[in-house]
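Trainee: Could you take me through one part of this model at close range? I would enjoy a connected account that starts from a single element and works outwards.

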Amino acid sequence: MIKNYLKIAWRNMLNNKVYSALNIVGLAAGMAVALLIALWVINEYSYDKFLPGYKSLYQVELNNTEQQSGTHTQTAISVPTAGILKKEYPEVKYVAVSDWMGSHDLLVGDKKLYISGASIGSDFLKMFRFPLIRGNAGSVLNDPFSIVLTESTAKALFGDADPINKTVRIDNQHDVKVTGILKDVPKNSSIQFSYLLPFSYGELTQEWMKNASTQWYNNSFQIFVELQPGVNYALLAPKIKNIVYDHAPKMRVAKPEVILHPLKDWHLYSDFKNGKAVGGFIDYVRMFSIIGILVLLIACINFMNLSTARSEKRAREVGVRKAIGSQRKDLIFQFLTESILITFVAFLLSVVFVQLALPAFNEITSSAIAIPYGSVVFWCLMMLYVLITGLAAGSRPAFYLSSFNPVKVLKGSIQIGKAAALPRKILVVLQFSCSIALIISTIIVYQQIQYAKNRPVGYSADRLVVTDMSDDLSNNYGVLRNSLLQTGMIESVAKASSPLTGVYMHTGIEQWPGKTAGQEGLNVGGISVSANYFKTVGMKLIQGRDFSNDWSADTSNIIVNEAAIQRMGLKNPINQLITYDDIKGPAKIIGVVKDALMESPFTPVEPTVFNHGRGGNFVIYRLSANVKTHDAIDKITKIFNAYNPAYPYIYKFVDDEYNQKFNLEVLVGKLAGIFAGLAIFISCLGLFGLAAYVAEQRTKEIGIRKVLGASVAQVWTLLSMDFIILVMISCVIASPIALYFLSGWLQKYDYKISIGPGVFVLSAIMALIITLVTISFQAIKAALTNPVKSLRSE
């Protein structure tokens, strides 16, 4: 019997090629979108779960509370916190302090790599059990001058030679010995690195780290812990929360509380509010999961509508089958078998679509997703996927077609098409409501991105370039600066402890004129800069003066931004004295600079203090306006190589770095746009099929109207009007739903657009244009048909 059902289903597909193609392509597109999103969602949920014991791993973080700005959570914390956790809390199995060093130079012979790594405590590899190809996790970094490389880093530095016990030079300053090789860190790891050094290496070689083990106020490190088996963090939390408060009296003003953030939540739950993880990337994972389901639903609705629309073609078949003894359950089973067969064919096509789309999708999402062809579990799930989709898409047609009364059908006294018209219209409205909501979402996301991009940044990013500072560059900074200026390719040069697109250190202002008793200190960003910094980056001084070229004249002087002045409430800030943590004794304000957007473009500018420092982590320089970028880079490359021979010359344009701050929003916008386009495409396939069916059903009516003098435009209006009304109803339904969800999404941004009526009008116009283009082909084709052909049988 099943074989017979399959044979009939196959014949029906071949006999109705156009409608079968519309059904299969529409279903395949919807299934491909759902499958692609499902693979992506699984990948996002898989982050860090490849590590053994990941459920017991945590990062130590710090909540600081201020009266004016509330509770802020930071990952940077002091080294002594690790010592207390290890010594005084038996619930803690391992503790590892670390410094994520950013990029550093690894030199072997003539091979130079400028890559990122970390210096880590001895327990790190016992906790984070990344697979070691060579070496032992318990002893591989016992020597302060040892290094563990990832497999690809070892290959790049040593080729096919055995790297163990070979020497690598770090930053052209110190030699370290390779003692271990790790497998490359998977892409779905929250922790990424190319090499690991012992934490003791930094304590011995970096001046600022030498006394870190006793400095409670040096919040520059990351600490990780593994809890003992069976320990409940909820019971440990109240015991550890006051560690910093009890040991660092100067920090009590911020009410510091130590918390643990579980590894399993790092990737998806990274947004904190009032000291608690409230969301993060999980919001987008959920959003796109819903979009995947909606697109699949739209594809299933297509199948339902096209199947029920053509019910008249199957009515006599149903009548004959019932007349010769078929039960309704047999007919339901037959029609569901046909649905599942079409769904299976659509699934095969969807796998092809996904495979073709994966390279571009991986590039957009920075993922490494692949279809797990070799997984039995995957194929079992896919068969279940086909079954559920087939049943969902075929359920209404099966129950509807099997309900026909055989006597009325065979007598021709039942008007089948009209019986299904209202449910079909409801499903079309549902389809287009989903599609229009996605169009509105895409437009709003784009507007929010553009709104933030057009926000004044407070400096000029045009032709502004940043290069990381090395010891050699720092030692030769004076001659480097002069050499760059003498080329004529550079307008200005400066150095700073932070780039233009981030503030790498935060500190405090404890006292200032007008501070009241009991008023909290002010947490501020702290940046050490050289003379000419503000001129180089294009920040505007609105009061006072710039730092002089004589460093010694300004060692106790600072320049602050408008946000800091506003928070302190200073009306005449110039020459006022404040207590600033990074300067011994009182610090004098000599200038006020306009606010510059150095961190998130979606949040208010934070209070920032600039002091005149000799050091710096970055060289910042502006290319001359009258030179070609390529020529300038070629010339200055030689200068950097001359003063920094152990490092490759690497530069970053500030405007490119700033644009990276929008990566998440751009990703959401691109994906929303792509899926909205696919949803519209699938809806239009169904609309095209329905328009063809309506034109076919009304062939004789159109012929009579044309004989009586109806024009092509009048016939086109007749066939189009029903669909236009349905789309307008969809716009009315989709708009408030989209407004509700998008208003909630925008609440996470301090700097955001207000949603006006224009976006809904634009979306409605776009939907109407797409609808008219889709149905016009069939409407005009019907209008142009010779009425003699349609009426000659009458």
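**A close look at helix H5**

Mentor: Happy to. The buried residues of H5 pack against E3, E4, strand E6 (146-150), strand E7 (167-170) and strand E8 (174-182). Please keep in mind that this is a predicted model.

Which residues make those contacts? Helix H5 covers residues 151-158, and its buried members are Thr153, Ala154, Leu157 and Phe158. Around the helix axis they take up an arc of only 105 degrees, so they sit on the same side of H5. Just past the helix comes Gly159, with a positive phi of about 65 degrees.

The next thing to look at is a charged pair. A salt bridge joins the side chains of Lys155 and Asp160, with 2.2 Å from N to O. Lys155 has a relative accessibility of 46% and therefore counts as partly exposed. Asp160, at 71%, counts as exposed. Side chains of opposite charge can pair when their charged atoms come close.

Let me set a few other charged pairs beside this one. The structure holds eleven salt bridges. One of them links the side chains of Lys86 and Asp123, at 3.3 Å from N to O. Lys86 belongs to helix H3, while Asp123 is in the loop between strand E4 (111-120) and helix H4 (124-127), so this pair ties together parts that are 37 residues apart in sequence. With a relative accessibility of 4%, Asp123 counts as buried. Lys86 and Asp123 also belong to a salt-bridge network that includes Lys126. Another pair is Glu207 with Lys210, whose closest N and O atoms are 3.3 Å apart. Here Glu207 is exposed, its relative accessible area being 63%, and Lys210 counts as partly exposed at 39%.

Helix H7 is a good companion to H5. In H7 (residues 233-240), the buried residues are Tyr233, Leu236, Ala237 and Ile240. These span an arc of only 115 degrees around the axis, which places them on the same side of H7. Turned away from that buried side is a face with the exposed residues Ala234, Leu235 and Pro238. The partners of the buried H7 residues are strand E1 (57-66), helix H3 (79-88), strand E3 (92-108), strand E10 (222-227), helix H8 (243-247) and strand E11 (257-262). Strand E3 is thus packed against by buried residues of H5 and by buried residues of H7. At the N-terminal end of H7, Asn232 acts as a cap, with a side-chain oxygen 2.9 Å from the backbone nitrogen of Ala234.

For a look at the surface, turn to helix H24 (residues 712-746), where Tyr740 lies. At 64% relative accessibility, Tyr740 counts as exposed. Together with Met721, Ile725, Ile729, Ile733, Ile737 and Phe741, Tyr740 makes a nonpolar surface patch of about 710 Å².

Finally, here is the setting for these details. The protein has 26 helices and 24 strands, and its C-alpha trace spans about 105 × 60 × 55 Å along the principal axes. Half the picture is interior: 50% of the 794 residues count as buried. Among contacts between residues at least 6 apart in sequence, 79% join residues at least 24 apart. The protein exposes about 36,300 Å², with carbon and sulfur atoms supplying 58% of that area.

Technical notes. Residues numbered from 1 in each chain as written. Predicted model: local features only at pLDDT ≥ 70, side-chain atom pairs only at ≥ 80, totals over all residues. Heavy atoms only, no water. Buried < 20%, exposed > 50% of the residue type's maximum accessible area, 1.4 Å probe, protein only. Helix = DSSP H or I, 4+ residues; strand = E, 2+ residues; numbered from the N terminus. Arc of directions from axis to C-beta. Contact = heavy atoms within 4.5 Å. Polar contact = N/O pair within 3.5 Å; in protein donor to acceptor, adjacent residues only side chain to side chain. Patch = residues over 30% accessible without salt bridge, like charges linked within 9 Å, V, L, I, M, F, W, Y side chains within 5 Å. Areas by Shrake-Rupley, 256 points an atom, 1.4 Å probe, with all protein chains shown as cover. Salt bridge = Lys/Arg side-chain N within 4 Å of Asp/Glu carboxyl O.
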